[in-house]
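Subject: Handing over a structure, with notes on what was found

Dear colleague,

I am passing on the structure below so that you can look through it in your own time. My notes on what was found follow after it, and I would be glad if you read them with the structure open.

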Amino acid sequence: MRIISKLALLSNFVISRITRKQIWKKVRQKISNIPHLSVDWDSVTDRFIEPIIWVVDHFADSLGKIFVTLVWLLIQFVVGVAYWIGLSFYWNISAELTIALVIFGHWILLNVVFHYYMALITPPGYPPDVDQIPHIKARCKKCQSAKPERTHHCSICRTCILRMDHHCPWLNNCVGHFNHRYFFLFMAYVVLGMIFLFIFGAPVILHELSISDSSEPIGYPVFNNGSHVLPVVEEVAPAPRPRSLRRAVAVTEAILCAGILAALSALVGWHSRLISRGETSIENLTNKDDREAKRLEGNIFVNPHDYDTYENWRIFLGLSEGRTWWCVFFPSVHPPRGDGISWCFKNDLTHVSYK
């Protein structure tokens with residue numbers, strides 16, 4: 001799970017100040033254990049991290065728009081290749097099977113597009129004005145806004161985010177209380193789509209690699225000069241071969257899908273673990289330190305937001321007010337449970353501690 005944790009942190013690009021401090025603290029602790037090694041950590045930190053922070057603070061918005069455009073282009077490329085190469089392959093095998101695959105594939109595609117679009121346009125959640133929540137006494141030191149529990153300041157968005165998980169460059173948006181579900185389900189349906197493509201795309205790839213190129217000439221051109229048959233030297237390059245193009249595109253899609261599947265499977269697994277434990281990516285870092293401190297004291301750390309695995313998932317997916325698990329399988333714009341400010345969902349709930 002440590003490998004998944006590191007992959008998730010790297011892919012999510014968690015750039016909040018709290019996260020940076022936690023990561024650097026752990027790195028410094030590891031290297032400090034090396035004997036006879038003296039490091040000026042203030043100098044190292046300033047020289048290494050400040051240029052990165054400067055680039056992020058000045059170009060994060062532009063880079064985010066580029067990443068979002070790449071996501072839409074990638075979706076179009078994958079779907080287009082599936083139509084161009086895969087549809088004709090299965091239609092020649094069975095029309096009924098093709099129709100079933102098209103329906104199932106479009107169900108996945110609908111969920112991918114819907115949840116990505118909603119994660120893009122849905123505000124993650126911002127604290128209301130101080131006057132509207134006078135019972136919240138905490139204030140952000142950077143933006144001076146009210147800071148309810150589980151709220152963190154995003155240095156890219158330059159504002160506080162309710163139940164902030166991380167800032168995602170692929171969304172050009174923070175992942176917070178109101179769009180976390182869309183973000184997670186987008187990744188989950190992409191993983192499902194990649195598995196679907198690998199299962200039913202493997203025969204297509206093997207077929208494309210096994211058949212000969214119909215446009216490739218057999219042998220080489222010759223001419224007869226009256227007494228000998230001589231080869232013709234072609235000065236003009238041959239035209240592109242359609243079959244070779246199909247092979248190249250199919251292999252390219254397979255490589256892209258393999259990379260996406262590996263990365264997002266790790267992320268989905270990581271976030272599923274966090275959701276089951278009732279915490280965000282940022283809280284996972286802070287809770288580790290708190291749990292270790294409690295262990296050294298001989299006590300057990302209790303996460304106040306852990307309501308047991310089943311209830312944690314119901315809270316995360318917004319399954320309240322009569323909503324059922326069907327809301328997970330079809331697009332739904334229902335809001336999450338709670339307002340992102342108050343987190344007491346059960347008065348008689350016994351919190352579950354980490355083992």
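To begin with a question: are Glu-311 and Arg-337 buried or exposed? Both Glu-311 and Arg-337 turn out to be buried, and before going further I should say that this is a predicted model. The side chains of these two residues, Glu-311 and Arg-337, meet in a salt bridge, with 2.9 Å from N to O. Because Glu-311 belongs to helix 8 (residues 309-317) while Arg-337 lies in the segment after helix 9 (326-329), the pair ties together parts that are 26 residues apart in sequence.

That salt bridge is one of five that a search of the whole structure finds. Another joins Glu-283 to Arg-150, whose closest N and O atoms are 2.7 Å apart. This pair links distant parts of the chain, since Glu-283 sits in helix 7 (residues 281-296) and Arg-150 in the loop between helix 4 (95-121) and strand 1 (152-154), with the two positions 133 residues apart. Here too both partners, Glu-283 and Arg-150, are buried. A further salt bridge is formed by the side chains of Arg-277 and Glu-279, at 3.7 Å from N to O, and Arg-277 and Glu-279 are likewise both buried.

For the overall picture, the protein chain contains nine helices and six strands, and 40% of its 355 residues count as buried. When contacts between residues at least 6 apart in sequence are considered, 69% of them join residues at least 24 apart. The protein chain exposes about 20600 Å², of which carbon and sulfur atoms supply 65%.

The UniProt record, which is an unreviewed entry, carries the annotation "transmembrane region" for residues 66-85, 97-118, 182-206 and 248-270. In the model, the span 66-85 is 100% helix and 0% strand, and its end C-alpha atoms lie 28 Å apart. The span 97-118 is also 100% helix and 0% strand, with 32 Å between its end C-alpha atoms.

On the surface there is a nonpolar patch formed by Phe-59, Leu-63, Ile-66, Leu-70, Leu-73 and Trp-170, which together have about 550 Å² of accessible area. Of these residues, Trp-170 is placed in the loop between strand 3 (166-168) and strand 4 (173-175), and with a relative accessibility of 38% Trp-170 counts as partly exposed.

Aromatic rings deserve a separate look, as the count comes to 16 aromatic pairs. One of them is the pair of Phe-104 and Trp-107, which is tilted, with 5.5 Å from centre to centre and 40° between the planes. Because Phe-104 and Trp-107 are three residues apart in helix 4, about one helical turn separates them. Phe-104 is partly exposed, at a relative accessible area of 36%, and Trp-107 is partly exposed as well, at 22%. Both rings also belong to a cluster, in which ring pairs link Phe-89, Tyr-90, Phe-104, Trp-107, Tyr-189, Phe-196 and Phe-200.

With kind regards

Definitions and conventions
Residues are numbered from 1 along each chain as its sequence is written. This is a predicted model: local features need pLDDT of at least 70, side-chain atom pairs count only at pLDDT 80 or more; totals for chains, interfaces and linings use all residues. Side-chain values use heavy atoms; hydrogens and water are left out. UniProt positions are given in the numbering used here, feature names are shortened, and annotations may be inferred rather than shown by experiment. Helices (H or I, at least four residues) and strands (E, at least two) are DSSP runs, numbered from the N terminus. Buried means under 20% relative accessible area, exposed over 50%, partly exposed in between (1.4 Å probe, protein chains only). Contact means heavy atoms within 4.5 Å. Accessible areas come from the Shrake-Rupley method with a 1.4 Å probe; for residues, only the protein chains shown count as cover. Patches are made of residues with over 30% relative accessible area and no salt bridge: like charges are joined within 9 Å, nonpolar side chains (Val, Leu, Ile, Met, Phe, Trp, Tyr) within 5 Å. A salt bridge is a side-chain nitrogen of Lys or Arg within 4 Å of a carboxyl oxygen of Asp or Glu. Rings of Phe, Tyr and Trp (its six-membered ring) pair if their centres lie within 6.5 Å; planes under 30 degrees apart count as stacked, over 60 as edge-to-face and the rest as tilted.
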